[in-house]
Amino acid sequence: MSGLLRAFAQRFLLSITFAIFLTLTSSLIFPAAAWAVSSSLGVNNAHLSSCPASDNCVVSQDADSKHAIDPIAYHVDRNAAKETLLKVLTVVPRTEVIENTDNYIHALSKSRIFKFVDDVEFYFPPNESVIHVRSASRVGESDLGVNRRRLEQIRLALKDLNI
């Protein structure tokens, strides 16, 4: 009987290992499905999009208390603030700027292990010395505070660079 139990346990472990292998390889082969561009990106009527109900987003414009984060204030020329932000983004791990216009920056930031993608947005409204921010995960319900921490680290880096 123990030989039968041992064979069953080995087959069960082999099945679990195979399922994990398939899951990991499919995410490498078909990454575009997880990285599809969200339609709620960009600036619309001088505002970044609001956050969904899930706990994996923060935004500095028109947010409820759960999703609210302060914009980043600056006291230098707007172009200097933008150039400094772009330099800071080059050292944020696994982050790549994919859109850079006169008043808007959109970057992608990927998680280390599973390569989940977060959209990180910065809006420079005219006649204001602030950068409005939004960071949101594309999938899941919670990000364990990653989006908020990322933006606060960027805020601290910009403060250290005296913008």
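In this predicted model, Leu 158 touches Ile 72, Thr 84, Leu 85, Val 88, Ile 131 and Ile 163, leaving aside residues up to four places away in sequence. Leu 158 is also among the residues with the most contacts inside the largest nonpolar core, which has 21 residues. The others named for their contacts there are Leu 85, Phe 122, Phe 124, Ile 131, Leu 151 and Ile 154. Several elements come together in this core: helix 2 (78-89), strand 6, strand 7, strand 8 (130-137) and helix 3 each supply at least two residues. Helix 2 gives the most, with five residues. Such a grouping will look familiar, as nonpolar side chains tend to be buried together in soluble globular proteins.

A second core lies apart from this one and has eight residues. Leu 41, Leu 48, Cys 57 and Ala 136 are among them.

We can turn now from the cores to the open space. The largest pocket has a volume of about 520 Å³, and 22 residues line it. Nearest its centre lie Arg 94, Ser 111, Asp 118, Val 146 and Arg 150. Strand 6 (104-110), strand 7 (117-123) and helix 3 (146-160) each supply at least two residues of the pocket lining, and it is helix 3 that gives the most, with four residues. By class, the lining is a mixture of eight nonpolar, six polar and eight charged residues.

Strand 6, strand 7 and helix 3 thus appear on both counts: each supplies at least two residues of the largest core, and each supplies at least two residues of the lining of the largest pocket.

Note on methods. Residues are numbered from 1 along each chain as its sequence is written. This is a predicted model: local features need pLDDT of at least 70, side-chain atom pairs count only at pLDDT 80 or more; totals for chains, interfaces and linings use all residues. Side-chain values use heavy atoms; hydrogens and water are left out. On a 1 Å grid over the protein atoms alone, a cavity is a set of points where a 1.4 Å probe fits but cannot get out, and a pocket is an open set with protein on both sides within 12 Å along at least five of seven lines; lining residues have an atom within 4 Å of a point. Grid points are joined across faces, edges and corners, and a volume is the space filled by probe spheres set on the points. Ala, Val, Leu, Ile, Met, Phe, Trp, Tyr, Cys and Pro count as nonpolar, Asp, Glu, Lys and Arg as charged, and the others, Gly among them, as polar. A nonpolar core is a set of buried Ala, Val, Leu, Ile, Met, Phe, Trp, Tyr and Cys residues joined through side-chain atoms within 4.5 Å. Buried means under 20% relative accessible area, exposed over 50%, partly exposed in between (1.4 Å probe, protein chains only). Contact means heavy atoms within 4.5 Å.
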